Each structure stands twice: as C-alpha cells, then as structure tokens.
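Reader: Could you take me through one part of this model in close detail? I would like to look at its salt bridges, and then at a place where two helices pack.

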Amino acid sequence: VSRQLKEEIRRGFARLEDPLAGLLAMLESSSDWKGKGHSLGYCITTELQLWIKAHPAVPQSGTKLKKLQARVLGMLSQCPANLLDPLISIYQLHTADRNCLLEHVSHLYLQGKYKEAAILSIKLKLQPDQDLEKMCTPLLLQDKANLVEDYVAEYPELQRKLLHTLDTWCDLSFNVRDITRPYQGLSRYKPEKFNRRVLSKLIFRLLERFNVDPALCPNVINQRHLRTLNYLFYKRFVEKTMTEENWGDHIQSTVGDNRWLQGHLVQLLLRHCDARGAARWARHCQVPPEMLPLAVAEELQKLHIQDRVEEVTKADNYESSKKKDYYQLPIPRENIHFLQTWEETLQCWEKVLQPGQVVGVDMEWKPSFGMVGKPRVALLQLALKDEVFLLDLPRLLEQAEAEGEKEKLPHFIQMLYSDAAITKLGYGMSGDLSSLVATCSALKDTEKHMQGVVDLLAVDKQVDGLSPEHSHEEKGLRQPEKGLSLLVQHVLGKPLDKREQLSNWEKRPLREEQILYAASDAYCLLEIYERLCKDPESFGLGSDLTESLVGKQSKKPRAKKQLNKQEAPSPSGQECQGARTEPSGPPAPISPQQFSVVCDNMLQGLGRYLRCLGVDVRLLDNEDDHRKAAEIARQEGRVILTSGLPYQTLRSQVGEGRCFSVNCSEKAKDQALQVLKHFHVQVSLSDIFSRCQ
C-alpha cells in the first residue's frame, strides 16, 4: 500500500465523527473485502487498527459499542481470515456478552458452517463453554484435523478430553457409523479419512504434540503394541533376523502384565511354536496359567525351573551355525570396555582426545516401534585401533547431574567433534547426532562446529557395485544386506550380524551378544576406512580420498518439524595420514533414472510428481500398511519417502540414510524439490515424462 493512500485513509478517519461506525458502514456496503488477499477493505481496516492505537480516546463503550459488536458478529463468518483479528480488536469483541457470542457461534454451527464456528470460537476463546465432541466431530469428518488441534491447543483439559474421545472411537467394539450417521449430507464429507487407522495416527500426533501421558489412550496403545508383537514374530520366525534372547526381551517389555496382549501372545505362540515351545515362552512372559489352552497348560506343568529359556525352534540351530559367515571383531574381548563410572570415562577421554587419533563412533537406542517420543541414546561406542569403549550414557548423565556437573558429557562430545586433529568416522552421523541432542539438549549446536568428520554413508553413493542386488548370495534364508552391513561385506568380505540391532539397549546388564554387536558396529568403521585409504581405486573412488570421502557428511533425515531448518553442514576432514584439512565438496549428482523410491500412502502426490521427472517410483495404496514400504525398499533397493510418525518405525527397518521424512504440509512440487536436493538428483529436460505416467 502506498504511503499516499495510507495518509489519505488516516485523514479520512480524523474527519469522521465515529470512525468505528464509519468502517462498519463501508464494509457492509462493499463486496471488495470478501475476496482473498489484501483488498482495499483490508488496508482500511488495518490502518484504522493502527490509528486507534495512536488515538486511545477513540474506542466506544456502552450501548453504542454493543450495537456495533452485534453488527460485526454478523459479518465475521463471511469475512476472510486476515480480517478476523483486526475486527475483533477494533470492536473489542472479547469484552462482548459471552452468551451472545456463544449463541452466534451456535447459530453458525446449525447452518452447517462448522469451520467458521470453530475458527470464531478459537479467536474469541469460547472453547471451555462448548461441547467438545459436538464441535470437533464434523471437522474430523471433513478432514480438518489441524483445525481440531488448534481448537484444543491452549486448553490441557480439552486436549485430554479429545484424546479420550478419539481413543473410545478406536475401541474395536465401537461402531464408527454411530458417529457418522447424523452427518451423511455433510459437505466435503470424507468418510475414507475417518477410520480407526487415521484416528490412531491423529492420536499419536496429539500425544506427542501436547506431551500427554499415553496411558490416557489404552485402545490405540494396545493396538500399536499388538502390531509390534506381530512384527517381532515376523522378524524372529519368518525373517529369522533376531536372536532368541533379544526377541524375548522385546516380547516381555511389550506385553508386560496386560491381559489383552497376553491373550494375543498365546495365540501367536501357538501359531509359530509347538505346545512345549509356547509353554516355555508363556512362562518366560509370566502369562497366567488360566489363560493358556489345555495342551499348553499341561506342558507348563512338565517344565522344570530354568534360568534361561532354551531354544524352541530348529531355526535357532541354523543361526548359531552361521556365525562364521559374519564380520568378526579382530581385537580380544578384554579390550572391549563397558563404562558406567566417570572415573573410567575420564581414562577413556585421555586416550580418545589425542591429536592424530582416528575414532569410530556409533550409537544405539531402544527401538520405538512407532510409539510416542524421540529415541534417546542408551549407548555411545568409541572405537580405537586396539580397544573399544562402550559408554552407558543414561548412567553417566544421571551421575553427572547428581554431582551438579551436567556439562561433563556435552563438554567431552563437543571437544571430540570440533577437534580437526581427530578423525571421527561414522555412518549417517547427522541422524545419530539428532538422537544425541534428544538425549542431551546442551549438544544442539554440535553439528554446526564439526571438524575432521568422515561420514561413510557417502560411500554408498560412490563405491562401485554397491547395491542390495549385489549382496544376494545363496546363504539359505539370509536377507539381502543393506546399509552399513552391505558396505562392510563389500569392503571387508563379510557382512555385519545385525540380529542385535533392534535390541532393548536400555536394559541392564547388556547381554554379551549386545556388547559384541555394539563394539563391532563401531570398530568396523576403522577397518573400512583403512582399506579404502590403502586402495581407493579398486572401489571406484578417487585416489585423493580427501576429495571423494572426507568431510562429506551424508545426512539421515530429521523429524518432520526440523526439515525446514536443515542447514548444509560445513565440516572439514583430514586425509588418512591426518596431515591436512580440506573443505568438503558436494557429492556427485545422479540422474532421476538412477534414483528409485517407494512413497508411503500419504505422499501419492509427491510420487506422481517425481515420476513425471523421470524418477523410478512405487506408490503404496491407501489400504497398505506403512511397513510394506520397508519390504519393497529391502527387496528392490529403494529409498523410502514417508512423513510423521511412520518415519520412526520405518527408519529402523532399512539401511541408514535409506528413509527420508518429507514435510507433509508442503505442496508436492516443494516436497519433490526437497527430495531431489537432499539426494543430489539432477533433472534434465530429457528426463521429464521419460517414464510412463
């Protein structure tokens, strides 16, 4: 708006005897203000708002103001969103009679203007005096969950009430049609967006956003735990990629003393084990005998007290015989140190923080299986040439806090990552660091000051012949290798044994298998780096590793809310000899034809857009479970594109850096640009519409 127009508007107000009545008359007689954008009516209204601040004697009061307020209320449901706040402020609607405001909103609701009624209620803070379920149900049926979130955003009691209501609707015995029946003629009604699965997703989003105790929603929590149970049985008995003890830990912590889940556990045991095996696990998980079928109860009586659950399937013998097929730690067991005290940790620091040192860094956390909250690091592994240190982070943080020295751990980690004289090796370091920040908020700026970092995830895009297809060897039931395990197989000859990857890393004491797995994950980075430094050409890398590897930190995607804040890192690294530091360069771009993705079912628009640009895209159908994306990604070597909570579940099922979280609130074009930029995909004119649409 030009300065001249603004001055003219203000002179006009000064000449009016009653500027408030004058603005109202102008808006009532004009249709211009009803359109979107900054109309003349909008400009005049906002200028009056500013003018009133400079002339505090202008606002009305008493009967005259009440009459103006009644007229304004009639206009609010028709006016564009950008006029609501100025008009509410100018006519002091927060001081109007509350019953009149509620009556007006109720009238809008009865007219079927549910969105307008909710927005006005939020602006006038009427929610505590309204029927929550009545106000929110039509909005959910119209797929306006974001408006429902805003409706309860400032009222914790309403948040809990909404979550309880939604969870009641997710009860398996509840008939959703009882809710939808009164709204059959509703405009913009989207019945496909109103089912248990969609409601369950919404509940988990709200639990996380409002930090509400999940115990308030037993139905969706139980159903999520049941899906976890099914997944664990699939990993153990179909894929055969979890050890027995690891699997037993998760089964026990998932089921607990929940009778409903115990019943489902018994059914799953009978499906996958014989009666004797089912009895062993039922006892291990403390399932009440009265819940067991007769055959299993009889077997339970025959069992002797055992300290350790024995193997229950023939597949276990297969597992133990195959250990020789995996990467083995080349250092003796006594050189792996599990550190739980600060005295031990300080000795570790002295060795790690030496100029010229090369350190393999890895982290472990308890898998969330799609539950609420960000993963917190339970174990930090630091590998040197002759020994590996496993730091018990929860214990060390607890001790430091008790001693009033919270800064101990962040100080050490920041010193390590910012020292250009120490080479830090990792695989998907940005993802590890984001989990570290969730564990210790004082580390939030660590990534900005990193130096001397080598992220071997960058090798995935550069080493010749490195793809899941090349790892398909005839080794019985073995799954194709992926991520770091695939790189280890390609460079060192044997893959990592990843059966402990999904362990409960928070449980103490750690099992011996967990300790060996954690040490191997960090130590193998040293061996890969050494091998690549010695003979880069045979792996398709440039002779100068500084150019092709060092300082290229390949990012694991962050959570949805952080995506827009991603900053290009500027770490610098070293050559193998540690002689000099070089700035990083961008990874080599790839063409859309070389880029294969599978899009989760909430990103079908993005998938179609990428296909138009020549990307090899597979789309999940609406009814497909998110985990199908992981199956496709593993079988076909694709990157998963997903959003929101499914990202936490899916990222643990594929290789590091093979799952990317997209901002669902953006348009398909902006999402596509984000994906192409992240994976360094360069589109040419000939790529556009090169694939069948």
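Author: Gladly, and please keep in mind that this is a predicted model. A good place to begin is Glu8 and Arg11, whose side chains meet in a salt bridge with an N to O distance of 2.9 Å. Both residues belong to helix H1 (residues 3–15), and because they are 3 residues apart there, about one helical turn separates them. As for their surroundings, Glu8 is partly exposed, with a relative accessibility of 39%. Arg11 is partly exposed too, at 41%.

Helix H1 also takes part in a salt bridge that reaches further along the chain. Here Arg10 pairs with Glu47, and their closest N and O atoms are 2.9 Å apart. Since Arg10 sits in H1 and Glu47 in helix H3 (residues 40–54), this pair ties together parts that are 37 residues apart in sequence. The two partners sit in unlike settings: Glu47 has a relative accessibility of 5%, so Glu47 counts as buried, whereas Arg10 is partly exposed at 36%.

Another pair for your list is Arg181 with Asp178, where the closest N and O atoms lie 3.4 Å from each other. Arg181 is partly exposed at 48% relative accessibility, and Asp178 is likewise partly exposed, with a value of 45%.

Salt bridges can also join up into a group. Asp249, Glu500, Lys507, Arg511 and Glu513 form such a network. Over the whole structure, the search finds 34 salt bridges.

Now for the helix packing. Two packed helices are described by the angle between their axes and the distance between the axes. For helix H7 (residues 114–124) and helix H8 (residues 132–141), the angle is about 130° and the axes are 9 Å apart. An angle above 115 but not over 145 degrees falls in the oblique class, so H7 is oblique to H8. The crossing of H7 past H8 is left-handed. On the H7 side, the contact is made by Tyr114, Lys115, Ala117, Ala118 and Ser121, while H8 contributes Met135, Pro138 and Leu139. By class, the residues of this contact comprise 6 nonpolar, 1 polar and 1 charged.

Methods
Residues are numbered from 1 along each chain as its sequence is written. This is a predicted model: local features need pLDDT of at least 70, side-chain atom pairs count only at pLDDT 80 or more; totals for chains, interfaces and linings use all residues. Side-chain values use heavy atoms; hydrogens and water are left out. A salt bridge is a side-chain nitrogen of Lys or Arg within 4 Å of a carboxyl oxygen of Asp or Glu. Helices (H or I, at least four residues) and strands (E, at least two) are DSSP runs, numbered from the N terminus. Buried means under 20% relative accessible area, exposed over 50%, partly exposed in between (1.4 Å probe, protein chains only). Axes are lines fitted to C-alpha atoms, for helices over the stretch in contact, and angles run from 0 to 180 degrees between N-to-C directions. Angles under 35 degrees count as roughly parallel, over 145 as roughly antiparallel, 65 to 115 as roughly perpendicular and the rest as oblique. A crossing is left-handed if the near helix is turned anticlockwise from the far one by less than a right angle, and right-handed if clockwise. Contact means heavy atoms within 4.5 Å. Ala, Val, Leu, Ile, Met, Phe, Trp, Tyr, Cys and Pro count as nonpolar, Asp, Glu, Lys and Arg as charged, and the others, Gly among them, as polar.
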